[in-house]
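Visitor: I have this model open on my screen and would like a short tour. Could you walk me through it?

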There are 2 protein chains.
Amino acid sequence: MSDSATGLIETEAGAEPRNGERRRGIDRVIMLLEALLRHRAPMRVGDIAKMIGAPRSTTYEIVNSLLEAEMLENVGTEGYVYFGRAMHLFGWAYSHHNAHYRRIIETLDKMAAETGETVQLCGLRGNKYIVLDCRDSSGPFRISSDVGVEVPIPWTASGRLLLGHMSEEEVKDFIPPGDYKLPDGRVIAPAEFFSDVALARQQGFSETAALADRFTWCMAAPIRDGHGAINKTLCFVLPVDTAETRRSELLALLCERARGLSLAGS
Amino acid sequence: MSDSATGLIETEAGAEPRNGERRRGIDRVIMLLEALLRHRAPMRVGDIAKMIGAPRSTTYEIVNSLLEAEMLENVGTEGYVYFGRAMHLFGWAYSHHNAHYRRIIETLDKMAAETGETVQLCGLRGNKYIVLDCRDSSGPFRISSDVGVEVPIPWTASGRLLLGHMSEEEVKDFIPPGDYKLPDGRVIAPAEFFSDVALARQQGFSETAALADRFTWCMAAPIRDGHGAINKTLCFVLPVDTAETRRSELLALLCERARGLSLAGS
DNA sequence: ACATGCTGTCTGAAATATCAGACAATAACG
DNA sequence: CGTTATTGTCTGATATTTCAGACAGCATGT
């Protein structure tokens with residue numbers, strides 16, 4: 001953050017930054033919002049402009065429109081902006097419009113209340129894993145993870161389940177090679193990952209211990225849609241030293257609830 | 001307006017629908033999202049076009065862009081669209097970026113769990129009242145109200161608190177005259193409303209019984225910001241026939257928690 | 001059978017939104 | 001003190017996007 005702007009420019013997916021190109025306002029808006037989501041903190045207009053590769057004058061124009069609509073709002077007095085109240089309302093409308101999602105959220109609440117552990121709802125976004133919603137542990141040992149942040153699929157237990165419908169070949173094509181490398185430098189052998197995926201499919205759940213970080217034990221169970229496909233998973237994020245007896249209790253609960261949320265294969 | 005779909009065209013605030021006018025894509029997007037929020041259900045592209053007063057061809061163009069960005073998504077197979085997953089992520093980012101809001105949400109969760117009643121976080125949007133977030137009662141008697149729907153201020157207990165900083169004159173100018181009329185046809189005398197506002201300010205809480213509808217008892221307590229102003233309120237929505245003893249318990253809890261969420265006047 | 005209403009996709013043309021760049025203010029730094 | 005970066009606002013030109021309307025396809029109703 002200390003430096004000027006180096007490293008701010010994260011390459012835009014699918015967008016050729018060919019200079020002298022003119023872009024549509026709507027596309028700029030989309031890029032802007034996604035950049036803000038990735039950045040996960042209020043940004044200044046100048047930095048946004050760099051991040052989305054737009055001229056400053058254009059960026060000001062757009063930001064002011066979005067501010068007026070409360071889709072963005074000013075944070076602090078130094079010209080920082082972040083998502084605004086309208087986004088919250090739109091997002092709420094999204095997550096409550098369908099009965100299935102509402103049931104899922106209720107279950108999330110209930111499980112968090114009953115167990116006091118961190119519970120997450122997870123899914124895929126493109127070829128990455130994201131947390132769709134979560135309830136953080138109430139205890140002092142809080143492993144908070146951000147909703148919407150993209151994470152390589154092989155780092156996660158849920159990811160193993162979410163690829164269950166793919167053949168080994170498809171998985172190989174789907175996962176970017178770099179995604180097998182863990183944050184601490186270790187590399188997961190693709191073959192090992194493929195067999196994990198197969199195991200997860202067969203067991204109907206998936207667990208990882210100290211994978212993406214050294215402190216967590218993750219367990220995931222599938223939520224199936226009307227066609228039996230796995231779109232989402234329910235998971236617990238536990239301290240890695242959780243006793244085996246409690247872990248198996250929680251795993252049983254997780255599987256039961258996830259099954260309860262699955263739609264009967266019509 | 002003469003055409004078939006009468007009633008669909010809700011007049012756009014601050015937008016002159018002068019024909020033959022050209023509008024910016026960004027503005028169309030904003031109108032579209034707000035229209036969808038007001039409508040509270042998936043819509044077809046043709047109806048959206050009518051609602052925001054845009055040509056169909058333009059609307060298709062915009063909707064397709066937003067679909068691709070997952071800001072909208074298809075619902076069902078009949079061409080209906082509604083908010084998409086990206087909106088949920090943006091909204092989540094909004095509501096968790098600031099520590100105060102996070103504390104409020106935790107309190108909301110806790111109160112709902114402890115009491116089993118419907119708890120809401122409320123605020124103003126322009127000169128209307130809206131629910132910003134809520135936890136619905138777990139009981140069979142469920143009074144669900146939608147986050148983000150605009151409601152006339154005089155219909156609500158929270159509204160009386162949220163106007164606490166205004167003089168009688170200011171309140172009079174602020175509330176649209178039609179907003180004193182309740183859904184069942186009764187009309188609140190403005191003078192009575194002003195004194196309610198004064199009473200709420202003095203008491204530090206506000207209650208309404210069977211006001212906006214015949215079945216609910218609402219109680220609201222103020223959450224003050226760093227300057228002592230009331231931006232948001234915490235409230236319970238109870239069945240009207242809740243026993244007086246329980247009501248006063250809940251009111252005490254409400255006031256205590258709201259005070260706990262208020263920021264010390266710096 | 002026809003008439004009517006809708007959807008979703010294209011087209012060309014005209015209006016304008018995006019752009020590069022200039023500008024004054026302010027801040028940080030040696 | 002000058003030098004170098006900022007921010008936020010304006011400007012005018014042109015490349016682009018919005019728009020009206022036509023089109024085929026598929027319903028529905030009479």
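Visitor: By class, which residues make up the surface near DNA strand C?

Guide: Happy to help, and please keep in mind that this is a predicted model. A residue belongs to this surface if one of its heavy atoms lies within 4 Å of the strand. Sorted by class, the surface near DNA strand C has seven charged, seven polar and two nonpolar residues.

Visitor: Which residues come nearest to DNA strand C?

Guide: There are 16 residues around the strand. On the strand's side, sugar and phosphate account for 58% of the atoms that come within 4 Å of the protein. The residues that come nearest are Arg22(A), Arg28(A), Thr58(A), Arg56(B) and Tyr60(B).

Visitor: Which side chain has a polar atom 2.9 Å from a base oxygen of DNA strand C?

Guide: Let's set the phosphate contacts aside. Polar side-chain atoms of Arg28(A) and Arg24(B) lie 2.6 Å and 3.1 Å, respectively, from a phosphate oxygen of DNA strand C. The one at 2.9 Å from a base oxygen belongs to Arg56(B).

Visitor: Which element gives the largest share of the surface near DNA strand C?

Guide: The elements that give two or more residues are α1 (25-39) and α3 (56-68) of chain A, together with α3 (56-68) of chain B. The largest share is three residues, and it comes from α3(B).

Visitor: And what percentage of the residues of chain A count as buried?

Guide: Chain A has nine helices and nine strands. Buried here means under 20% relative accessible area. Of its 266 residues, the buried share is 49%.

Terms used
Residues numbered from 1 in each chain as written. Chains lettered and ligands numbered in written order. Predicted model: local features only at pLDDT ≥ 70, side-chain atom pairs only at ≥ 80, totals over all residues. Heavy atoms only, no water. Polar contact = N/O pair within 3.5 Å; in protein donor to acceptor, adjacent residues only side chain to side chain. Helix = DSSP H or I, 4+ residues; strand = E, 2+ residues; numbered from the N terminus. Nonpolar A, V, L, I, M, F, W, Y, C, P; charged D, E, K, R; others polar. Buried < 20%, exposed > 50% of the residue type's maximum accessible area, 1.4 Å probe, protein only.
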